[in-house]
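Student: I have a structure open in front of me and would like to learn how to read it. Could you take me through some of its features, one at a time?

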Amino acid sequence: MADSLALHVVGGRTPTTSLRQLVEAYERRLILEALARAQGNQRRAAAELGCLPTTLNEKMRRLGLRACDRRSETEPGWRSADHGALELTGTA
């Protein structure tokens, strides 16, 4: 696990991945795995993760993992993100 969380250093000084990005990626993976085991049931996933369903819902919202936050990939300006949710591209 330490290998997967290791910082990548450019030129021996500047990390290319911030602590926030690493924590978000780890939380995202834990949540998606718990949801998969709970067959999408957020209450069961929250219980497995040891948090309240409201806490899980807020984390999912912050990470862009809630189904209601997702948009159709055919909509202009939206693209799939690596974590399975959809995110807004730089169009205005």
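Student: Let's start with Q39. Is Q39 buried or exposed?

Tutor: Keep in mind as we go that this is a predicted model. To judge a residue, look at its relative accessible area: over 50% counts as exposed, and under 20% as buried. Q39 has a relative accessible area of 70%, so it is exposed.

Student: Where is Q39 found, and what is its phi?

Tutor: Q39 sits in the loop between α1 and α2. Its phi is positive, about 55 degrees, although Q39 is not a glycine.

Student: Now I'd like the overall layout. How many helices and strands does the chain have?

Tutor: The chain has 3 helices and 4 strands. Following the sequence, you meet them in the pattern β-β-α-α-α-β-β.

Student: How much of the chain counts as buried?

Tutor: The figure is 23% of the 92 residues. You can also ask how contacts span the sequence: taking those between residues at least 6 apart, 22% join residues at least 24 apart.

Student: Which residues make up the largest nonpolar core?

Tutor: That core has 10 residues, and you can find them one by one: I31, A34, L35, A38, A45, A46, L56, M60, L63 and L65. Three helices, α1 (19-37), α2 (42-49) and α3 (53-63), each supply at least two residues of this core.

Student: Let me pick one of them. What does I31 touch?

Tutor: Setting aside residues up to four places away in sequence, I31 touches L49, L56, K59, M60, L63 and L65.

Student: How do I describe two helices that pack together?

Tutor: You give the angle between their axes and the distance between the axes. Try it on α1 and α2: the angle is about 125 degrees, and the axes are 8 Å apart. That makes α1 oblique to α2.

Student: Which residues of α1 and α2 meet?

Tutor: On the α1 side, look for L30, I31, A34, L35 and R37; they meet Q42, A45, E48 and L49 in α2. Sorted by class, this contact has 6 nonpolar, 1 polar and 2 charged residues. As for handedness, α1 passes α2 in a right-handed crossing.

Student: Let me stop at L30. What is its relative accessible area?

Tutor: L30 has a relative accessible area of 31%, so it is partly exposed. This residue lies in helix α1. From C-alpha to C-alpha, L30 and A45 are 9.7 Å apart in space, with their positions 15 residues apart in sequence.

Student: At what angle do α1 and α3 pack?

Tutor: Their angle is about 125 degrees, and their axes are 11 Å apart. The two helices are therefore oblique to each other. Here the crossing is left-handed. From α1, E24, E27, R28, I31 and L35 take part in the contact, and from α3, L56, K59, M60, R62 and L63. By class, you find 5 nonpolar, no polar and 5 charged residues in it.

Student: Is E27 buried or exposed?

Tutor: E27, which belongs to helix α1, has a relative accessible area of 17%, so it counts as buried. Apart from residues up to four places away in sequence, E27 touches K59, R62 and L63.

Student: And what is R62 in contact with?

Tutor: Leaving out neighbours within four places in sequence, R62 is in contact with E24 and E27. R62 is part of helix α3 and is partly exposed, with a relative accessible area of 40%. Try comparing sequence and space here: R62 and E24 are 38 residues apart in sequence, and their C-alpha atoms are 9.3 Å apart.

Student: One helix pair is left. How do α2 and α3 pack?

Tutor: Their axes are 8 Å apart, at an angle of about 100 degrees. That makes α2 roughly perpendicular to α3. In this contact, α2 brings Q42, R43, A45, A46 and L49, while α3 brings P53, L56, N57 and M60. By class, these residues divide into 6 nonpolar, 2 polar and 1 charged.

Key: Residues numbered from 1 in each chain as written. Predicted model: local features only at pLDDT ≥ 70, side-chain atom pairs only at ≥ 80, totals over all residues. Heavy atoms only, no water. Core = buried A, V, L, I, M, F, W, Y, C linked by side-chain atoms within 4.5 Å. Buried < 20%, exposed > 50% of the residue type's maximum accessible area, 1.4 Å probe, protein only. Contact = heavy atoms within 4.5 Å. Axes fitted to C-alpha atoms, helices over the stretch in contact; angles between N-to-C directions. Parallel < 35°, antiparallel > 145°, perpendicular 65-115°, else oblique. Left-handed = near helix turned anticlockwise from the far one by under 90°. Nonpolar A, V, L, I, M, F, W, Y, C, P; charged D, E, K, R; others polar.
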